Amino acid sequence: MDKEFTLEEIYALYMQDLYRYIYSLCKDSSLAEDIVQETFYRAYFYVETFQQEKIKPWLFKVAYHTFIDYRRKEKRMSYTDDLVTMPAVPSHISAEDEYMIKNSISSWWNLLESLAPEKRNIVILRDYYSFTYQEIADMCDLSLSQVKIVLYRARKEIQREMNKELD
């Protein structure tokens, strides 16, 4: 029998992922905190109705819809220059290669910010958080083919911009 998780355990498991996800969409740390708080407030009422394997996509969906609701209310968004957490680079890589990897990741995040929020959302969910296409479709209320098409086009757009930077 599967163990039931409390809201505190769910919060401990997913709070950081949700915060990074929402922050990557809005670039406003206080707004990201508010949206994460609202997401867990909503989760409080529904936590007993979800199986553990379904709660993470649901939390991301609620967070995304809360973000969209806020964006609709507020026409202007405030961007800050907080740093995106870079993944650790293996120790056997030279300093030069490490610089190139970090520079590529930073460039990818910057190019990602130039995408429309809907495209950015799908790329982040798939390429950063590794959600399945079906989970993304459910979270974004899109068909599976729409998710694949948007992801393909967004990746092509990023690749085109990266190629321009290299020229």
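Reader: What makes glutamate 38 and arginine 42 a salt bridge?

Author: A salt bridge is a side-chain nitrogen of Lys or Arg within 4 Å of a carboxyl oxygen of Asp or Glu. The closest N and O atoms of glutamate 38 and arginine 42 are 2.9 Å apart, so the pair satisfies the rule. This is a predicted model, in which local features need pLDDT of at least 70 and side-chain atom pairs count only at pLDDT 80 or more, while totals for chains, interfaces and linings use all residues. Residues are numbered from 1 along each chain as its sequence is written, and side-chain values use heavy atoms, with hydrogens and water left out.

Reader: Why is aspartate 17 called buried?

Author: Buried means under 20% relative accessible area, exposed over 50%, and partly exposed in between (1.4 Å probe, protein chains only). Aspartate 17 has a relative accessible area of 17%, and therefore counts as buried. Its salt-bridge partner, arginine 20, stands at 30% and is partly exposed; the closest N and O atoms of the two are 2.7 Å apart.

Reader: Why is lysine 164 called exposed?

Author: Lysine 164 has 54% relative accessibility, and therefore counts as exposed. Glutamate 161, at 28%, is partly exposed. The side chains of lysine 164 and glutamate 161 form a salt bridge at 3.3 Å, N to O.

Reader: How many disulfides does the structure hold?

Author: The structure holds 0 disulfides, a disulfide being a pair of cysteine sulfur atoms within 2.5 Å. Cysteine 26 is buried at 1% relative accessibility, and cysteine 140 is buried at 14%.
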